[in-house]
Amino acid sequence: MTNPLRTPLCETLGIAHPIFGFSHSVDVVVEIAKSGGFPVLGLAREMPHEIPQILQEVDARMQGRPYGVDLMLPSQVPRQGNIQEVRAALPGAHVDFVQRLRERFAVPAPTKPSFFTTQVRSEELFESQIEQVLASNAIGIATAIGLRADLIARAKARGKLTFSLIGSTRHAQKALALGVDVLVAQGYDAGGHTGSIGTFSLVPQIVAVAGNTPVLAAGGIGTGGQIVASMAMGAQGGWLGTLWMAAAENHTPPALLQRLMDSGSEDTVITRAHSGKPCRVVRSDWIDAWTAAGAPEPLPMPMQQALTGDVFASMHENDDPYLIYEAAGQSVFAIRKPTTVAAQMAELTAQMHASLGQINAWGELRSR
Ligand SMILES: Cc1cc2nc3c(=O)[nH]c(=O)nc-3n(C[C@H](O)[C@H](O)[C@H](O)COP(=O)(O)O)c2cc1C
């Protein structure tokens, strides 16, 4: 029997379920693939010299299963990014504000180097990331925030499928003109950097302009029913990010997992305090401090991260129950207990079939 929930894009990619999972964790990515979804590994937060080793590990563990990789490539970043130099040029009022917060919250310095404490998003960094993902065995390359004609052309020339996260029809049209293979319509509800249109309003608009280019729905999706709803709007699957943070394979710091389990959709907010660009995160005392009276406007990307990256690294290293936050979507409502990727995939697919069954059952009731 054919599976009514398997879309043409599933056929193209050779996957069982129209479930696309974005994660920064290799362990999550491997498990999504094993469960029949299409995983996309975020590499935008990795130290550049560690990316080749990460990709080698993914290849070894994936055993030929298809997967994608993702980069975040905003324009208007400096040509070169030396974090010491960027830090030295930060406005004094911002530096003082963050220093006062460090003292008030007793934030220790992080002990390990990380992307957030050593890197500045710059053209030079992006070029090295691009070279590495092009050389990888990933069959898909996704990009967010910026569209790069050169990367898209080079990826396609290597036979890779290109995915672009977009938040408006204007972005979609640009991506289509560059020949992007899959549009990921990412709504305002989404965790991470996002635009201003909600997923439920965005998806039909993107489907309407996409022609034969497949569209995926992203943002706020935490149940299989929502994936079926996306498909009813013309999307060929759902692209989920927040949900996987509940899985053991994500190694989410315990205080962050507790915060996610305790949070509702209304506890996620759009802030520029994380990166300098609008980004939906789950609130914490750190995020709230940036909207309190007297707080300065966050600095633009990449300066805001140079200003606060050590605090972000420290709160994660120390699992600080008051400060810890992460990018998270309105889909956080679906995180209620610790789980595993396999259990989540089983639940999502069961919910998808149940939703379809429900719709069919209504039809049968009416026809009696
Ligand atoms: C913790 C976290 C980090 C993210 N980082 C990136 C990223 O580096 N690149 C990217 O394209 N999308 C990133 N996203 C967005 C996801 O790709 C996806 O669009 C989003 O999570 C979908 O909405 P949801 O969080 O409600 O599922 C991130 C999302 C989360 C939750």
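Which residues does Q344 touch, not counting residues up to four places away in sequence? In this predicted model, the partners are L243, W244, A246, A247 and T339. Q344 itself sits in helix α15, which spans residues 341-367. Its relative accessible area is 5%. The cut-off for burial is under 20%, so Q344 counts as buried.

One of those partners leads inward. W244 is among the residues with the most contacts inside the largest nonpolar core. L183 and W286 share that standing. This core has 64 residues. Helix α12, residues 254-262, gives the most to it, with 5 residues. Another core lies apart from it. That second core has 26 residues, including A33, L73, I130 and A155.

Stay with W286. It is buried, with a relative accessible area of 1%. Leaving out residues up to four places away in sequence, W286 touches V98, L101, F105, T308, V311, M315, Y322, L323 and Y325. Its sequence neighbourhood matters too when rings are considered.

The structure holds 8 aromatic pairs. How do the rings of W286 and W290 meet? Their centres are 6.3 Å apart and their planes lie at 65°. Planes over 60 degrees apart count as edge-to-face, so this pair is edge-to-face. W290 is also buried, at 6% relative accessibility. F115 and F116 make an edge-to-face pair as well, with 5.7 Å centre to centre and 80° between the planes. Both of these phenylalanines are buried. Elsewhere, ring pairs link F20, F38, F163 and W239 into a cluster.

A charged side chain also meets a ring. R280 lies over the face of Y188, at 4.7 Å from the ring centre.

Next to R280 in the numbering comes a cysteine, C279, which is buried at 2% relative accessibility. C10 is buried too, at 0%. How many disulfides does a search of the whole structure find? The count is 0.

Now turn to helix α11, residues 224-232. Its buried residues are G224, I227, V228, S230 and M231. Why do they line one face of the helix? Seen down the axis of α11, the buried residues fall within an arc of 155°, so they share one face. The spacing follows a general rule. An α-helix has 3.6 residues a turn, so residues three or four places apart point the same way. Just after α11, G234 takes a positive phi of about 105°.

S230 gives a closer view of this helix. It is found in α11. Its relative accessibility is 4%, so it counts as buried. What does S230 touch, not counting residues up to four places away in sequence? Its contacts are V203, A217, I221, A235 and G237. V28 offers a long-range reference point for S230. The two are 202 residues apart in sequence. In space, they are 23 Å apart, C-alpha to C-alpha.

Three places are worth revisiting in the view above. Start with Q344, buried in α15. Move to W286, which touches residues including V98, F105 and Y325 and pairs edge-to-face with W290. Finish at α11, where the buried residues line one face of the helix.

Technical notes:
Residues are numbered from 1 along each chain as its sequence is written. This is a predicted model: local features need pLDDT of at least 70, side-chain atom pairs count only at pLDDT 80 or more; totals for chains, interfaces and linings use all residues. Side-chain values use heavy atoms; hydrogens and water are left out. Helices (H or I, at least four residues) and strands (E, at least two) are DSSP runs, numbered from the N terminus. Buried means under 20% relative accessible area, exposed over 50%, partly exposed in between (1.4 Å probe, protein chains only). Contact means heavy atoms within 4.5 Å. The arc is that of the directions from the helix axis to the C-beta atoms. A nonpolar core is a set of buried Ala, Val, Leu, Ile, Met, Phe, Trp, Tyr and Cys residues joined through side-chain atoms within 4.5 Å. Rings of Phe, Tyr and Trp (its six-membered ring) pair if their centres lie within 6.5 Å; planes under 30 degrees apart count as stacked, over 60 as edge-to-face and the rest as tilted. A charge sits over a ring if NZ of Lys or CZ of Arg is within 6 Å of the ring centre and within 35 degrees of the ring normal. A disulfide is a pair of cysteine sulfur atoms within 2.5 Å.
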